[in-house]
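Please read the following note with the sequence and the model open beside it. The points are numbered so that each can be checked in turn.

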Amino acid sequence: VDADFFEINGKAMLIAVNVARDIRVWNVETGQCTNTILRVDPLSYEERTYYSPRICVSPRNDVAVVTFGSRLFIYSLPGVECIDTFDVDGGPSRCAFSPTNPDILAFVCKSGNNETNGVLIWDIRQRRLVRKLGKGSGRRPIWFSPDDRKLLFVSHANRVEVWDIFTGKLAFDVPYNGRGAISISRSNGLL
């Protein structure tokens, strides 16, 4: 299961997706489920055993993106209506929205294809690749810095990498032993 929070009319809401890709929305204050979308197309054995769906909500609280298999599913909020679906070669995994441009989404692609293997930054409105960065691990989250200039993720080589989005170059990296939590401060960008 993966989940994210959003706010509608001053109410804190939680949206979650499970391995069957069923989506549920809860009112955090009341604990009541306000919406359920059950996936109707059958899952293949590979989808059930290999892929874990991931979800993230845009800073505008108007869109949620679910990554699953080789597809991105874009849902409107709060009604959770699918408004777009498109294939991304390589199987998108962990994702994060830009804090200042809600149309920009970064996600980890796990493909063996060198064209799409790595961390991809997409414009979801224009459905185009903006930039490709190093090879991230689909098991760990990724983050934009608060000023939108850097992207942080854990690489396949178990290093925390911080990339400059505009130049496409690695700014710095530090070893990561796989234990403990990693996060970036939303107020000052500290790791």
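1. L77 is a convenient place to begin. In this predicted model, L77 sits in the loop that links β7 to β8 (81-87). Residues under 20% relative accessible area are called buried, and L77, at 10% relative accessibility, therefore counts as buried.

2. What does L77 touch, once residues up to four places away in sequence are set aside? The list consists of F6, I15, V57, N61, D62, V63 and A64. There is also a link to a distant part of the chain: L77 and I8 are 69 residues apart along the chain, and their C-alpha atoms are separated by 8.5 Å.

3. The backbone of this loop deserves attention. The peptide bond that leads from L77 to P78 is cis, and its omega is near 10°. P78 belongs to the loop between β7 and β8, as does V80. V80 has a positive phi, near 55°, and is a residue other than glycine. With a relative accessibility of 3%, V80 counts as buried.

4. Both L77 and V80 reappear in the largest nonpolar core, which has 16 residues. The residues with the most contacts inside this core are F6, I15, I23, V66, L77 and V80. At least two residues of the core come from each of β1, β2 (11-17), β3 (23-27), β5, β6 (63-68) and β7 (71-76). Another core lies apart from this one; it has 15 residues, including V63, L72, V88 and C95.

5. V66 illustrates the contacts of a core residue. Leaving out residues up to four places away in sequence, V66 touches V17, R21, I23, P53, R54, I55, R71, L72, F73 and Y75.

6. The next point concerns β1 and β2. These strands run antiparallel and are joined by 7 bridges; within this pairing, E7 stands opposite A12 in β2. Strands of a sheet pair through backbone hydrogen bonds, either parallel or antiparallel. β1 and β2 form a hairpin with 2 residues between them.

7. Is N9, in the loop between β1 and β2, buried or exposed? At 75% relative accessibility, N9 counts as exposed. N9 is not a glycine, yet its phi is positive, at about 50°.

8. A second hairpin involves β11 and β12. Strand β11 (residues 118-123) is mostly covered, with 6 of its 6 residues buried. Strand β10 (residues 104-109) pairs with β11 in the antiparallel sense over 6 bridges, and the bridge partner of L105 in β11 is W122. β11 is also joined to strand β12 (residues 128-133) by 5 bridges, again in an antiparallel arrangement. There, I121 has R131 of β12 as its bridge partner. The hairpin of β11 and β12 has 4 residues between the strands, and R127 takes a positive phi near 55° in it.

9. Four strands form an open sheet, in the order β13-β14-β15-β16, with antiparallel pairing. Why is one side of β13 and of β16 (169-175) left without a neighbour in the sheet? Both strands stand at the edges and each has a single partner strand, so one side of each has no neighbour there. β13 is joined by 2 bridges to strand β14 (residues 150-154), and the two run antiparallel. F144 stands opposite L151 in β14.

10. The largest pocket has a volume of about 440 Å³. It is lined by 23 residues, of which D4, C56, C95, A96 and F97 are the closest to its centre. Two or more lining residues come from each of β1 (2-8), β5 (54-57), β9 (92-97) and β13 (143-144). β1 gives the most to this lining, with 5 residues. By type, the lining of the largest pocket divides into 15 nonpolar, 3 polar and 5 charged residues.

11. Finally, some totals place these details in the whole protein. The protein has 1 helix and 16 strands. Buried residues account for 48% of its 191 residues. Among contacts between residues at least 6 apart in sequence, 34% join residues at least 24 apart.

How values were computed. Residues numbered from 1 in each chain as written. Predicted model: local features only at pLDDT ≥ 70, side-chain atom pairs only at ≥ 80, totals over all residues. Heavy atoms only, no water. 1 Å grid on protein atoms, 1.4 Å probe; cavity = no way out; pocket = protein on both sides within 12 Å on 5 of 7 lines; lining within 4 Å. Points joined across faces, edges and corners; volume = space filled by probe spheres on them. Nonpolar A, V, L, I, M, F, W, Y, C, P; charged D, E, K, R; others polar. Core = buried A, V, L, I, M, F, W, Y, C linked by side-chain atoms within 4.5 Å. Buried < 20%, exposed > 50% of the residue type's maximum accessible area, 1.4 Å probe, protein only. Contact = heavy atoms within 4.5 Å. Pairing = 2+ DSSP bridges.
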